[in-house]
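Please take a moment with the sequence and the model below before reading on. The explanation afterwards is meant for someone who has not seen this structure before.

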Amino acid sequence: MDLFKVYPLFDITIEKGQGSYVWDFEGTKYLDLYGGHAVISVGHSHPTYVSKISEQLNKIGFYSNSVQIPLQKELAHKLGEASGLHDYQLFLCNSGAEANENALKLASFVTGKKKTISFSKGFHGRTSLAVAVTDNPNIVAPVNETENKLILPFDDESALEKAFAENEISSVILEPIQGIGGIYMPSQSFVEKIRSLCDANNALFISDEVQAGYGRSGKFFSLDHYNVTADIYSMAKGMGNGFPIGGIAIAPKFEAKFGMLGTTFGGNHLACAAGVAVLDILREENLVENSAKLGEYVMEQLKGISGIKEIRGKGLMIGIELEQEAGPVRKRILDEFKIFTGSASNKNTIRLLPALNVKKEELDAFVEALKAVLA
Ligand SMILES: Cc1ncc(COP(=O)(O)O)c(C=O)c1O
């Protein structure tokens, strides 16, 4: 059997990783400022993470949600502490798309309504509802086409008001920092408008924190930059540092009904051990603060480099828009300097999504490489 070739794979095989570095099978070392798609939050093979998962695997790796799993409660408690959402309720699943799928479904359950608002250039995943609200015609199959979605222009308050006036809205889903779209943030008043329209119309505000959450933006959730709270926060990527785990944090006013949401694998022992390890490391090593600090540092270093049109982002979620296509620049940075960076659907943008414990010198190495290539 061969692989179903859906990926434009780099011709690189990864054998192992440590901190912000990965090595291929020939022993070539790469600096990873991409984190395998914004997933690596506490660095590759962090010793605390490895030992917590190994210890758990020696006890038990999986049992289903038909039994009590104390590790889930520990994870929920620690997530409440880290995020400040102490009284929210956690539902665990396995990925970002699943988290959004459950969030959209839950909003429809509790409001009894069907229509969802999302925004241009947004990305929410590839399951049925998540892909339907994603603004990318190439990944929406005919079966996902639904009259229940409204994709509005990003940051356009009058379009938002009009959509609420003309439709029965169940939920609004927003990436407070758009990731794949190219690192774009809406204005403060737009986010406040979403909150007030949701409140006035019995609709739920879903903050998609799959990429920007878990400290990546320098605050625990990226919506925290706006001092606005969501009814549901969806999360995944950084939550397990590579171990598949996702979840939604649900406001206390919503009551669970038995069987409303469910999953076989979500919240299993091993995934929760990974999730608890990540939260412990984020706290012990002050990584959310580090993300804020180093993000500011590297954005400062990038200022004034000729060939850069705009630098966007918060914390260690950075978009560098070039005056030229980013692909060839990223390739040279990879080939000549052995540094991984990320792309965006905005073709001129390089995304930096390193581990939150990346070091200053590692970011400096990227700045020098970019300078050299752009020169
Ligand atoms: C903002 C956002 N939401 C949802 C997803 C989907 O997550 P997953 O690939 O884990 O299903 C992604 C993935 O890139 C994402 O960036």
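The paragraphs below go from the sheet to the core, then to the ligand, and end with two residues in loops. The model is a predicted one, and what is said here should be read with that in mind.

A good place to begin is the open sheet, which has 7 strands in the order E4-E10-E9-E8-E7-E5-E6 and mixed pairing. At its edges lie strand E4, residues 89-93, and strand E6, residues 149-152, each of which pairs on one side only. From one neighbouring strand to the next, the turn is 20 degrees on average, with direction ignored. In general, the strands of a sheet pair through backbone hydrogen bonds, and they do so either parallel or antiparallel. Within this sheet, strand E5 (residues 115-119) and strand E7 (residues 169-174) run parallel and are joined by 3 bridges; in one of these pairings, Lys115 has Ile169 of E7 as its bridge partner.

The largest nonpolar core comprises 108 residues, and the members that touch the most others are Val172, Ile206, Ile232, Ala249, Ala274 and Val278. Helix H8, which covers residues 269-284, gives the most to this core, contributing 11 residues. To see the surroundings of one such member, consider Ala274: leaving aside residues up to four places away in sequence, Ala274 touches Tyr49, Ile53, Gly240, Asn241, Phe243 and Ile245.

The ligand is surrounded by 14 residues, of which the closest are Gly96, Ala97, Gly125, Val210 and Gln211. Helix H4, made up of residues 96-111, gives the most to this shell, with 3 residues. By character, the shell around the ligand divides into 7 polar, 5 nonpolar and 2 charged residues.

Finally, two residues deserve a look for their backbone angles. Most residues other than glycine have a negative phi. Asn202, although not a glycine, has a positive phi of about 50 degrees, and Tyr214, likewise not a glycine, has a positive phi of about 60 degrees. Asn202 is found in the loop between helix H7 (188-200) and strand E8 (204-208), while Tyr214 has its place in the loop between E8 and strand E9 (232-235).

Are these two residues buried or exposed? Asn202 has 13 other C-beta atoms within 10 Å, so this residue is partly exposed. Tyr214, by contrast, counts as buried, because 32 C-beta neighbours lie inside 10 Å, and the cut-off for a buried residue is 20 or more.

Note on methods. Residues numbered from 1 in each chain as written. Predicted model: local features only at pLDDT ≥ 70, side-chain atom pairs only at ≥ 80, totals over all residues. Pairing = 2+ DSSP bridges. Helix = DSSP H or I, 4+ residues; strand = E, 2+ residues; numbered from the N terminus. Axes fitted to C-alpha atoms, helices over the stretch in contact; angles between N-to-C directions. Buried ≥ 20, exposed ≤ 12 C-beta atoms within 10 Å, placed from the backbone. Core = buried A, V, L, I, M, F, W, Y, C linked by C-beta atoms within 7 Å. Contact = placed C-beta atoms within 7 Å. Near = placed C-beta within 6 Å. Nonpolar A, V, L, I, M, F, W, Y, C, P; charged D, E, K, R; others polar.
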